[in-house]
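Happy to walk through this one with you. Have a look at the model, and then we can ask what lies behind each label.

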Amino acid sequence: MKKLLTIAATLGLLSAASLAVQASPQEDLKEFRAYFAERFPDVPFKEYVNGVYAIDQASREQWEAIEEFPPYELNIDNGKQAFNTPFKNGKTYASCFRNDGISIKQDYPYYDTATGKVVTLEAAINECRSKNGEEPLKWEKGEIADISAYMSYTSRGNKINVIVPGDEGALAAYTRGKNHFYAKRGQLNMSCADCHQWNAGNRIRADLLSPALGQTTHFPVYRSKWGGLGTLHRRYGGCNKQVRAKPYKPQSDEYQALEYFHTYMGNGLAMNGPGARK
Amino acid sequence: MASIKIRAKLSGDVTTVKALIKHPMDTGLVKDKKTGKAIPAHFIQEVTCEHGSNKVLTAMWGGAVSKNPYLSFKFTGAKAGDTVRLSWVDNKGESDSAETQVS
């Protein structure tokens, strides 16, 4: 009898312990913000949307000079035109989105409890095309980036509002994204966190590492390195390649989960896409 | 005027002109991945800027200047409201120009 009680008590303790290890997204968020507040005590919270330009004056001046003639302007114009051009069946993108697709990017990505999938903005754009009998666009650059740029532009200033509902599937997706962020990968055996959290603000050869807090606010991004506009998943692939890991496909479940976690960590920050970066 | 974005700002006696020119600036050395043939050279050779009857800048460029070149320079002697005109000519003989008012 006593032995049975001891076993039951131990089992009870074990299950309670394993539950406690699973921190909630809200707790993760608090910890994340606290980490960066401590690492960069002079940077006000809302400035994180500017990445390295919030922590380095010299690069900020160069960036401000570039922003005088924003390199993504043409992309916004192309995106606006593409967005307003009707499909062959007469419908437009506006019919697929809330508020006609204007000023809504702060809701993305969201977890669709009906389908059990994370929905990113680019995925929603192509979903809209498929629903209306059009071919899907390529994921990383070109027209989809332009449309995303236009939709980001109309959402400028809106605070990120990614929701992780109490749903088991949503939490699992969030956790997959979180695990990707903290997992070591590639020949160089580095995680996203290695560069963008533990070493944010340090130099990597000639570049400065940007903080992961609010890192998604300015996407899609015109990168001087690309000489053009690219989506978030394009950058994820690039980052994986840089640590010599095989990149996942854009809009794969892996990157969608990562985007879910990554954007959630930027909740409360004002969107400033599309952006210009080195 | 469709290829040039230009701004001119006056501070004291000095006018700073900043311009972004949309141009491929092909060197003629890059091969097209699909055809294997070199993309022919197409770059701006001369850039001039006029203020009234004065030519305040003449720039001789070559293939080494990057795509969509950004230009910034200063000159003195202009007043607010004066017109500044920037023009370019490339190796194919194409040209464009744009004007702006000094603010």
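**Strands and domains, label by label**

In this predicted model, A:Arg223 has A:Arg277 of β7(A) opposite it.

Q: What makes β5 and β7 of chain A a pair of strands?
A: Two strands pair if there are at least two bridges between them. Strand β5 (residues 221–223) of chain A is joined to β7(A) by three bridges, so the pairing criterion of at least two is met. The two strands run parallel.

Q: Why are β6 and β7 of chain A called edge strands?
A: Each of them pairs on one side only. The open sheet has three strands in the order β6-β5-β7 (chain A), and its pairing is mixed. On average, neighbouring strands here are turned by 35° against each other, direction ignored.

Q: How do you know which residues belong to domain 1 of chain A and which to domain 2?
A: The domain assignment gives 24–70 + 165–277 for domain 1 and 73–154 for domain 2. Their C-alpha centres are 22 Å apart.

Q: What makes a residue part of the contact between these domains, and how many does each supply?
A: Residues count as in contact if their C-beta atoms, placed from the backbone, lie within 7 Å. Domain 1 of chain A contributes 23 residues, and domain 2 of chain A contributes 23 residues.

Q: Which element gives the largest share of the side of domain 1 that touches domain 2 in chain A?
A: That is α10(A), with five residues. By class, this side of domain 1 of chain A holds eleven nonpolar, nine polar and three charged residues.

Terms used:
Residues are numbered from 1 along each chain as its sequence is written. Chains are lettered from A and ligands numbered from 1 in the order in which they are written. This is a predicted model: local features need pLDDT of at least 70, side-chain atom pairs count only at pLDDT 80 or more; totals for chains, interfaces and linings use all residues. Domain bounds come from an automatic or database domain assignment. Two residues are in contact if their C-beta atoms, placed from the backbone, lie within 7 Å. Helices (H or I, at least four residues) and strands (E, at least two) are DSSP runs, numbered from the N terminus. Ala, Val, Leu, Ile, Met, Phe, Trp, Tyr, Cys and Pro count as nonpolar, Asp, Glu, Lys and Arg as charged, and the others, Gly among them, as polar. Axes are lines fitted to C-alpha atoms, for helices over the stretch in contact, and angles run from 0 to 180 degrees between N-to-C directions.
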